[in-house]
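Please open the model in your viewer and keep the sequence panel beside it, since this tour moves from one selection to the next. At each stop you will be told what to select and what is to be found there.

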Amino acid sequence: MEARILWADDEIDLLKPHILFLEEKGFTIDTVNNGSDAVEMSRENHYDIIFLDENMPGLTGLETLSKIKESNSSVPIIMITKSEEEHIMEEAIGGQISDYLIKPVNPNQILLSLKKNLDSKDLVSQKTTSDYQMEFRQIGMQLNDRLNAKEWTDVYDKLVKWELKLEDSRDDGMKEVFAMQKKDANTQFCRYIDNNYRAWLQGDEAAPLLSHKLLSERLMPRLGKEPIFLLVIDNLRYDQWKVLQPMISEFFNVDKEELFYSILPTATHYARNALFAGLMPLEIEKKHPNLWLNENEEGGKNMHEEELLQANLDRHGKRDIKMSYNKVIKLDFAKRLVDRFNELTKNDLNVVVYNFVDMLSHARTEMEVIKELADDEPAYRSLTVSWFNHSPLKELLKKIAQQGIKTIITTDHGTIRVDNPVKVQGDKNTNTNLRYKVGKNLNYNEKEVIISSNPEDIMLPKENVSSQFIFSKETDFFAYPNNYNYYVNYYKDTFQHGGVSLEEMIIPWVELSPK
């Protein structure tokens with residue numbers, strides 16, 4: 001370990017044994033005996049870390065800390081003092097110290113503090129890599145088993161947590177190993193869905209919790225007992241929830257976190273309508289023909305969510321529930337919603353649909369600047385965090401917590417970064433989604449897609465006698481043979497939804513209680 005240290009202490013001569021000990025470990029040490037010299041030295045030289053005695057004549061340690069941070073805010077500073085007074089510790093912590101040691105200190109204490117502050121990233125990276133190596137084989141063995149729906153959510157939960165841990169690792173080789181394992185998991189998962197999804201919708205007892213049953217099983221039993229905010233963030237993947245969780249946990253405790261399955265297609269038109277209606281799309285078309293539009297019909301496909309939700313409440317005997325429904329698609333509406341918060345507290349149920357994450361994925365496709373800002377999944381998650389930190393949604397959640405109101409966060413489907421084009425042909429009425437196609441004259445390679453020749457088998461409307469659905473798998477996306485190069489260049493490495501993958505289908509339901 002090699003690093004350059006500045007050590008300021010008015011009794012620096014008494015610390016000679018400590019300095020010799022560190023020099024033997026490979027450190028370079030510059031010493032001063034007062035705060036003014038420490039400030040000047042820190043401005044003239046680069047230091048990897050600075051030790052400051054708190055009780056020095058002239059400039060105190062806290063005053064020296066403040067002046068050093070004015071010119072170099074990022075340098076780690078370790079405060080060393082004889083005093084254990086709480087206000088000094090609080091002032092030092094407020095001044096952004098990296099560690100706090102009480103005299104007398106021994107060389108090993110100092111060495112430990114240096115390792116923690118200088119080598120922490122390397123040490124954490126090494127520990128993460130080692131831990132993942134141990135679990136890699138276990139996950140691999142699980143993937144070779146005949147997993148059920150619950151076991152698949154457990155595997156995906158592990159993969160997401162390892163992905164987030166490895167994100168900060170400096171071991172690129174291990175990241176490649178993880179990417180291969182995640183790809184293998186998605187391959188196996190797509191086979192699982194192909195083999196089981198139809199049975200789930202035909203009454204299989206092994207069926208997991210799906211979009212159309214979510215509210216009846218998780219929300220309806222709670223209504224009328226206490227006010228609830230239901231926040232549906234469109235297109236929110238499980239990994240995105242996990243990076244938002246630490247910020248939301250400033251205001252809320254997580255009472256329950258579980259993963260459920262989006263229906264197919266994993267697209268807003270189908271998945272969110274099913275979630276609010278408590279019905280599969282085929283059932284919505286039959287029960288509420290005036291509230292459903294098929295792919296080839298003109299008009300917005302999600303214009304009747306409030307009516308579908310109200311009908312769902314009525315069927316469950318919740319007709320007297322006072323509800324508000326709010327769809328946020330523009331910043332000014334989001335701000336007005338926060339301003340109207342007191343009005344919302346009078347309701348039993350407030351539903352807020354937030355479309356930002358969905359818009360982010362589409363913007364990433366359409367706008368070059370967003371592509372550059374979110375050119376991979378870590379950057380995509382980072383952009384989500386940045387948005388949340390500066391969004392009216394954060395202010396809304398803060399207000400909800402202050403009022404002591406229970407809150408639920410969920411979504412309708414996830415999204416996946418696509419990179420492999422798959423050729424498909426269809427007539428002029430074929431829909432434009434890149435992850436699923438519906439039509440009557442589709443031409444494709446059967447090995448590359450998941451097929452539903454009879455949409456009614458998976459509870460989807462059948463627009464005509466010969467119409468069928470096909471779904472793309474893993475990181476594939478559909479491209480037309482004519483204009484093929486355009487499709488490939490334009491859509492490769494964009495985030496899409498509608499098909500079959502862990503990221504799109506396995507999504508979070510989170511119950512929160514205010515702190």
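A cavity, in the sense used on this tour, is a set of grid points where a 1.4 Å probe fits but cannot get out, and its lining residues are those with an atom within 4 Å of such a point. Please also keep in mind from the start that this is a predicted model.

**The whole protein**

Begin with everything shown as a cartoon, where the secondary structure comes to 21 helices and 19 strands. Taken along the principal axes, the C-alpha atoms fill a box of roughly 90 × 50 × 40 Å, and of the 515 residues in the protein, 55% are buried.

**The cavities**

How many cavities of 30 Å³ or more does the structure hold? There are two of them, and the largest encloses about 50 Å³ of space. To find the largest cavity, select Ile193, Asp194, Tyr197, Arg198, Leu264, Ile450, Ile451, Ser452, Ile458 and Phe471, which together form its lining. Helix H8 (172-201) and strand E15 (449-452) are the elements that give two or more residues to this lining, and the largest share, four residues, comes from H8. If you colour the lining of the largest cavity by class, you will see seven nonpolar residues, one polar residue and two charged ones.

Next, select Phe229, Leu230, Leu231, Val352, Leu396, Leu397, Ile400 and Thr407, which line the second largest cavity, a space of about 30 Å³. Strand E6 (228-233) and helix H19 (392-402) each supply at least two residues of that lining. By class, the lining of the second largest cavity has seven nonpolar residues and one polar residue, with no charged residues.

**The largest pocket**

Now turn from the cavities to the largest pocket, whose volume is about 620 Å³. Select Glu163, Ala179, Lys182, Glu377 and Arg417, which are the closest to its centre among the 22 residues that line it. The elements that contribute two or more residues to the lining of this pocket are H7, H8, helix H18 (377-389) and strand E11 (416-417). Which element gives the most to the lining of the largest pocket? It is H8, with eight residues. When the lining of the largest pocket is coloured by class, it shows six nonpolar, two polar and 14 charged residues.

**Helix H7**

Stay with H7 and select residues 149-167, a run of 19 residues. At 1.5 Å a residue this helix should span 27 Å, and because its end C-alpha atoms are 27 Å apart, the expected span and the model agree. To look at how the N-terminal end of H7 is capped, add asparagine 148 to the selection, where a side-chain oxygen lies 3.1 Å from the backbone nitrogen of lysine 150. Then colour the buried residues of H7, which are Ala149, Trp152, Thr153, Val155, Tyr156, Asp157, Leu159, Val160, Trp162, Glu163 and Leu166. Glu163, which is in that buried set, is also one of the residues closest to the centre of the largest pocket.

**A sheet of three strands**

Move on to the three strands that form an open sheet with mixed pairing, in the order E14-E12-E17. E14 and E17 are the edge strands, each of them pairing on one side only. Select E12 (residues 420-425) together with E17 (residues 476-479), and you will have two strands that pair in the parallel sense over four bridges; in this pair, proline 421 stands opposite phenylalanine 477 in E17. Then add E14 (residues 443-444), which runs antiparallel to E12 and is joined to E12 by two bridges. The bridge partner of valine 424 in E14 is tyrosine 444, while glutamine 425 has asparagine 443 as its partner in that strand.

**A last selection**

Finally, select valine 32, which is found in strand E2 (residues 28-32). Is valine 32 buried or exposed? Its relative accessible area is 8%, and a residue under 20% counts as buried, so valine 32 is buried. Add glycine 300 and draw a line between the two C-alpha atoms: valine 32 and glycine 300 are 268 residues apart in sequence and 71 Å apart in space.

Methods: Residues are numbered from 1 along each chain as its sequence is written. This is a predicted model: local features need pLDDT of at least 70, side-chain atom pairs count only at pLDDT 80 or more; totals for chains, interfaces and linings use all residues. Side-chain values use heavy atoms; hydrogens and water are left out. The expected span of a helix is 1.5 Å times one less than its number of residues. Buried means under 20% relative accessible area, exposed over 50%, partly exposed in between (1.4 Å probe, protein chains only). A polar contact is a pair of N or O atoms within 3.5 Å; within protein, one must be able to donate a hydrogen and the other to accept it, and residues adjacent in sequence count only if both atoms are side-chain atoms. Two strands pair if DSSP finds at least two bridges between them. On a 1 Å grid over the protein atoms alone, a cavity is a set of points where a 1.4 Å probe fits but cannot get out, and a pocket is an open set with protein on both sides within 12 Å along at least five of seven lines; lining residues have an atom within 4 Å of a point. Grid points are joined across faces, edges and corners, and a volume is the space filled by probe spheres set on the points. Ala, Val, Leu, Ile, Met, Phe, Trp, Tyr, Cys and Pro count as nonpolar, Asp, Glu, Lys and Arg as charged, and the others, Gly among them, as polar.
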